[in-house]
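Work through the exercises below with the structure in view. Each task is followed by a solution in steps.

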Amino acid sequence: MKGWMGKVLNVDLGSGAVTTTPLDMDMATQFIGGRGLGARLLWDLVGPEVEPFSPDNVLIFAAGPLTATGYQTSNRFSVSTKSPLTGTVLDANSGGWWGMHFKRAGYDAMIVRGRAEKPVYIEIKEDGVTIHDASHLWGRTVSETSEALGQDKNKRSVLCIGPAGENRVLFAAIMNDATRAAARGGPGAVMGSKNLKAIVVEGKTRVEMDDKERFRFVQYESTKMLKANPVTSQAFPEFGTSVVMNIINAIGALPTRNFQQSYFEHADDISGETITEDILIKNTACWACPIACTRLTKTSKGEGEGPEYESAWSFGAACGIHDLEAITNTNYICNDLGMDTISAGSTIACAMELTERGLLDSDLRFGRADLLEQTVEDIGYRRGLGDELAEGSARLAAKYGAPELSMSVKKLEMPAYDPRGMQGQGLLFATSNRGGCHMRGNMLGSEVLGLPKLIDRLQVQGKAGYVILHQHSAAVLDSIVACKFANIAIAEEYFARALTALTGVSYPTGDLIKAGERIWNLERLYNLREGFTRDDDNLPPRLLNEPATGGSEGQVSHLGPMLEEYYRARGWDANGVPKRAKLEDLGLAELALEVV
Amino acid sequence: MSAGHTRTVRLLASLRSFAGTKALTVTTGPDPTVRDLFAALQREHPALAGRVLTGDGGLQPGMQMVVNGRHIDFLDGLDTALPGDADVVLIPPTAGG
C-alpha cells in the first residue's frame, strides 16, 4: 500500500477502547481521503436520528494521500462531523503541522465516538495511543493548552478546543498548532460535547511512494510553477489574503453593515496593503508550503497571526468598523477562545442591525469598535448577550422576529463576497453542502481576478457550469489534501500525476475530477437524508430584492434561473435530487437507495 | 490644463508599493478613454507603464483595469470612456480571500 498508511484509528471515549482497523481501500480509491473519506464514513456512522451533540455523533480526522509527503502544501487534514450549527454534513479543513504529524504517526484517519465522563485528551504516538485526564486543562485557552501540552511544530503537534468549544458555541473551531483553525460549522462544539479537550500527535514514519522518482519530478515541476506565478510567488507573501479587500470593494461586492451595502467607504483602512504597512512583522508558512501567506502581526496589546481577509471583513466592513487595531485584537481573542471568525463577526453584525432596528436591546451599533473585543469574549464564555450570539445569526435573528436579517445559507454565515455583485458566487453559496461558504468552490478567480480566465461577474446564463467545476475541484483538493491556494499555480493535472505516482492507482485528471463529483453528490445525499430540500438552496431575501451599492449599484442576485440551470447541469431533478442515471454513473446508486 | 483634462487612477497591491503612492493623476486631454489614460501613463510614469502595459498600449496578461466597478473587458475595452468622476482602479495579478 502506497500513499495511504492503511490504518484507521478508532477511539471510543465512552468505553475508553482504542482499536485500529484497516483502511477500506475500495473506499479510499473512490473517495481519496480527507473530506471525501470523511463524508463516506459519516454516511455509514451518523444517520438522521443522531443529534450533533449526541455521543453517537462522531468526529472524523482524516489526512489525504498527499498529506505528509512533502508535496507543496501537503500539510492539511480535515475534520468531518454532523454540524451543530447547520445540521448538514460538515468537514472543516486546516493546515499547519498537525496533519503531517498525525499521518506520520501511522494513520489515514481517526474516528472519535462517544463521550468521556470527564475532560480528557488523546495522545497519539507511533508506539501507542493513550487517553489522559484533562481536567487541569478545561477552561484554558488555545494558547495555554497548546503550551501546557508541549506544542512543538517540529516534533509534537497539539490540536485542541478553547473555552468556546467547551461551552458549545455553535461555531466553535478546532484549533491546531495554536493558530490554525478547522473552524466553519462548529466542529469544536462537537469536540466539547465529547469532553475531548485535545489530541496530541507525534510521528516520524515516512509515507511510502509507488514511484518516488516520478513523484519528485512532479513536485519539481510544481515548485517551478509556484515560483513563476506572480500570485503565489509575490502577491500572497507580500500582502496575504486581505489583498483582495480593496479589489472586492472596487467592484461593489464587499458586504457592508450586515450586507445592507456592498461598498465600504473605509475598506482601505482594513486592507492587505494597510495590514502590511501598519501591523505586519513578517509572513510565515505552514509545513511544506512555499507560498507563505500567513501574517504574523502586532498591535499595542500583543502579537499574533492575522487577520486574514475573511476575519478583517467580518469584524470590519460587516460591522461597519475600520479600526484595524481593534479588529486585529478581536481576531487574536477569537483564535485563542477557538471560534470561527466569519460566523462570530457576522453574528455580531446581525445583532447590530437588530439593535438599530429596535428589535434587540443592546449597545451594539455599526461602527462600535470599542465593543468588539468584549463581545467576542462574551460569546466564547456565553456571558450575557454573548450566550445568545453563541447560537449564530440564524437562531438570533429568528428569536428577535427578523429571520431575514441573518446573512446565512443553511444557517452558516456567508463570507466576504456579496452575491449581488458576483452572480456565480451567489449560486455557489446557495448550493454549498455545508452552507454559505467560499471554500466549497470559489468564483473569485473567475469572476473578479481573471484566474485562470475572466468571465463577466454580472452574467447569469452559463454560470452553473463554472460553479460545478469549482465545486468538484475543491472537493478533490480537500480530499487529497492540498491547499486551494496552490491550485492557483498548479493545475489539477499535476495533482493527478502526483497522486498516481504516489499511490500507484491510476488517476487520470478526468477520473480525479469525477471523484470530486462523487464526493459532492454523496454530501448532497447526506443532506437530503437529513431532510434538506430545494428550499434550503437559497440566499437571504435581502440579496434577491434589495439593490447593491457602489460598483454593483442596482444589482440583485438572480438565483432562480441559475439554480435551475445548475440542477440540470448536475443531472439532478427539479427538486435538486440526483437522478438515478447520475448516481449509477458515480457508483452511488446502491448507497442512495434509502434516499432516492 | 483644466482639471477636466486629468484623470486619477488608483493603484492596488504591488503596484502601490512599486509606485510609492496609492493613486496617480495624469493629464489626458478632453473626453479621454482608457487608451488615452494609458498613453498618459507611458508619458508621465514610464516605469509603472512598463510594468503594466504591453508595447502596443494594452494591459499585460494578468493586469486588470476596473472603471466604476466594471472590468474594461466588459465595457468598451481600450475605448471605454472615462468621465471626470470615474473611479479608475489598476490591479496587478493577485488572489486572496
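**Exercise 1.** Find the residue in strand 2 of chain A that stands opposite Lys7(A), and state how the two strands run.

Solution. The model is a predicted one.
- Step 1: locate strand 1 of chain A, residues 7-12, and strand 2 of chain A, residues 18-22.
- Step 2: look across from Lys7(A); the residue opposite is Pro22(A).
- Step 3: follow both strands; they run antiparallel and are joined by 5 bridges.
- Step 4: examine the hairpin that these strands form, with 5 residues between them; Gly16(A) there has a positive phi near 85 degrees.

**Exercise 2.** Which residue of strand 6 of chain A is the bridge partner of Val8(A)?

Solution.
- Step 1: find strand 6 of chain A at residues 109-113; strand 1 of chain A pairs with strand 6 in the parallel sense, over 5 bridges.
- Step 2: read off the partner of Val8(A), which is Ala109(A).

**Exercise 3.** Describe the side of domain 1 of chain A that touches domain 3 of chain A.

Solution.
- Step 1: set the bounds. Domain 1 of chain A is assigned to 7-201, and domain 3 to 423-538 + 558-594.
- Step 2: place the two domains; their C-alpha centres are 25 Å apart.
- Step 3: count the residues in the contact: 38 come from domain 1 of chain A and 31 from domain 3 of chain A.
- Step 4: list elements of chain A that each give at least two residues to this side of domain 1: helix 1 (25-31), helix 2 (34-45), strand 4 (77-82) and strand 5 (89-94).
- Step 5: pick out the largest share, which is the 8 residues from helix 2 of chain A.
- Step 6: sort the residues of the domain 1 side by class: 14 are nonpolar, 19 polar and 5 charged.

Methods
Residues numbered from 1 in each chain as written. Chains lettered and ligands numbered in written order. Predicted model: local features only at pLDDT ≥ 70, side-chain atom pairs only at ≥ 80, totals over all residues. Domains from an automatic or database assignment. Contact = placed C-beta atoms within 7 Å. Helix = DSSP H or I, 4+ residues; strand = E, 2+ residues; numbered from the N terminus. Nonpolar A, V, L, I, M, F, W, Y, C, P; charged D, E, K, R; others polar. Pairing = 2+ DSSP bridges.
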